[in-house]
Amino acid sequence: MIFGVPELEDLGDLDGKSVLVRVDFNVPINHGEISDDLRIRAALPTLRWLQKQGASVTACSHLGRPKGTPDPRYSIAPVRARLAELAPGVELLDNLRFDPGEESNSDAMVASLVDGHDAYVNDAFGASHRAHASIVGPPQHLPSAAGRLLAKEIGVLLGLRDQPRRPFVAVMGGAKVSDKLTVIEALLEVVDAIVVGGGMAFTFLKAQGHSVGSSLLEEDMIDTCARLLEQPKPIHLPTDVTALGPGGKLFEPEAGGEVRQAGVDLPDGWMGVDIGPGTAAAFGDVIMDAGTALWNGPMGVFEDPRFAAGTNAVAQAFAETRAFTVVGGGDSAAAANQFGVDDRVDHVSTGGGASLELLEQGDLPGLEALRSSADH
Ligand code: ADP
Ligand code: MG
């Protein structure tokens, strides 16, 4: 058990049994070729452990966003071929989202999934915040448990909420404030300080009365940001930014437009697209002094090399600090990888939306389902 959720060992003797495993094989595919098979390899410890116990193993996953009907653009065939190389003998069902019953969580879909199986394992952390048939259905019918990957995510993320080494610092960035404000509010209950960079910083700066030029701004969130700034825990904001001048275009250096280091009051037409060097150094110090550090959201438009320095600085601080470090969020994980620190942080979460929701609410539909499966 981990935080009340049964683990593989809790399933008892599996010799000769048939086990259905929900995995997250939603891998990037270009022209029929898998460009990154990390998600398939991440499920191998669970799949191989089950096979070693003598179980026959059937995996199932969604792939992309087909609209509840078979669609060759989302064929699972390349995944099936790769899985056959990595875990011979493991069957893979067709793309779960070819059936509308997956997303609507229909009884018929659940019945067809559990048919012929003796136990169920959820190892799809990235999908466990959705009450879809393959996530919440089988535990109502079969003895069920979390796989290795899911158990690790639960342990790390709920451990963070429970008993973090202090000070606990959350570094937040990325594009949309509105998506992450509820997370920031929930995190303020458990962290000691919040560091805000990226596009979302400008709504906070605006709430302090600064002029943000053409930077990302969510007008209807200004009041909420102002209210958050009044609560007692420190929210560290940028004190300087790297800005792109009028006429400049992201990802198109040849389009011209000046790139300038600025303070936090930008002239009209200037867009803040990275934290400045002073801010990067200050944020680095906060991360170095932390006992626990969580990172969600890049500090700037790091995909454009002109605006990658702030995100790189935070990535290096995450690699160097003695804090227990966790990276969550698809783009933050990509940044950690791009800046070569992904194996120098303690945990890179495999779920973007799922990790934020678990931190915010302390539970997920998929985990609740597994917990109540222990009753039968
Ligand atoms: P994650 O996937 O890690 O949760 P988000 O999806 O919230 O992160 O945000 C990632 C995106 O935010 C990146 O593509 C990045 O280019 C963008 N971004 C970061 N800072 C800025 C900024 N100052 N202005 C505009 N976009 C930004
Ligand atoms: Mg993202």
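## Strand pairing and the three-stranded sheet

Two strands are said to pair if DSSP finds at least two bridges between them. In this predicted model, strand S11 (residues 241-244) and S12 are joined in this way by four bridges, and the two strands run antiparallel. One residue of S11 illustrates the arrangement: Ala243 has Arg260 as its bridge partner in S12.

S11 and S12 belong to an open sheet of three strands, whose order is S12-S11-S13 and whose pairing is antiparallel. Strand S12 (259-262) and S13 each have a single partner strand and stand at the edges, so one side of each is left without a neighbour in the sheet. On average, neighbouring strands of this sheet are turned by 35° against each other, direction ignored.

## The six-stranded sheet

Another open sheet is formed by six strands in the order S10-S9-S8-S14-S15-S16, and here the pairing is parallel. Its edge strands are strand S10 (235-236) and strand S16 (347-348), each of which pairs on one side only. At the S10 end of this order, strand S9 (residues 193-196) pairs with S10 in the parallel sense over two bridges. Val195 has His236 in S10 as its bridge partner.

Helix H7 (residues 148-162) lies across four strands of the model, namely strand S8 (168-172), S14, strand S15 (324-327) and S16. The helix runs at about 115° to S15.

## Division into domains

The chain is divided into domain 1, which covers residues 8-150, and domain 2, which covers residues 164-360. A distance of 34 Å separates the C-alpha centres of domain 1 and domain 2. The contact between them takes five residues from domain 1 and eight residues from domain 2.

## The largest pocket

The largest pocket has a volume of about 1200 Å³. It is lined by 37 residues, and those closest to its centre are Arg39, Gly330, Ser349, Thr350 and Gly351. Two or more lining residues come from each of helix H1 (38-42), H7, helix H13 (330-338), S16 and H14. Among these elements, H13 gives the most, with five residues.

Both domains take part in this pocket: domain 1 (8-150) and domain 2 (164-360) each provide at least three residues of the lining. By class, the lining of the largest pocket consists of ten nonpolar, 14 polar and 13 charged residues.

## The second largest pocket

The volume of the second largest pocket is about 610 Å³. Of the 37 residues in its lining, Gly174, Ala175, Lys176, Lys180 and Pro298 are the closest to its centre. The elements that contribute two or more residues are helix H8 (177-187), helix H9 (201-207), strand S13 (271-275), H13 and H14.

Which element supplies the largest share of the lining of the second largest pocket? The largest share, five residues, comes from S13, which is also an edge strand of the three-stranded sheet. The lining of the second largest pocket has 16 nonpolar, 15 polar and six charged residues.

## Enclosed cavities

How many cavities of 30 Å³ or more does a search of the whole structure find? The search finds two. The largest cavity holds about 80 Å³ of space. Its lining is made up of Val23, Asp24, Arg39, Ala42, Ala43, Asp123, Ala124, Phe125, Gly126, Leu149 and Thr350. Six of these lining residues are nonpolar, two are polar and three are charged. Arg39 and Thr350 line this cavity and are also among the residues closest to the centre of the largest pocket.

The second largest cavity has a volume of about 40 Å³. The residues that line it are Leu157, Leu294, Trp295, Asn296, Val326, Gly328, Ser355, Leu356 and Leu359. Strand S14 (292-296) and helix H14 (352-361) each supply at least two residues of this lining. S14 is also one of the strands of the six-stranded sheet, while H14 also gives residues to the lining of the largest pocket and to that of the second largest pocket. By class, the lining of the second largest cavity has six nonpolar and three polar residues, with no charged residues.

Notes:
Residues are numbered from 1 along each chain as its sequence is written. Chains are lettered from A and ligands numbered from 1 in the order in which they are written. This is a predicted model: local features need pLDDT of at least 70, side-chain atom pairs count only at pLDDT 80 or more; totals for chains, interfaces and linings use all residues. Side-chain values use heavy atoms; hydrogens and water are left out. On a 1 Å grid over the protein atoms alone, a cavity is a set of points where a 1.4 Å probe fits but cannot get out, and a pocket is an open set with protein on both sides within 12 Å along at least five of seven lines; lining residues have an atom within 4 Å of a point. Grid points are joined across faces, edges and corners, and a volume is the space filled by probe spheres set on the points. Ala, Val, Leu, Ile, Met, Phe, Trp, Tyr, Cys and Pro count as nonpolar, Asp, Glu, Lys and Arg as charged, and the others, Gly among them, as polar. Contact means heavy atoms within 4.5 Å. Axes are lines fitted to C-alpha atoms, for helices over the stretch in contact, and angles run from 0 to 180 degrees between N-to-C directions. Domain bounds come from an automatic or database domain assignment.
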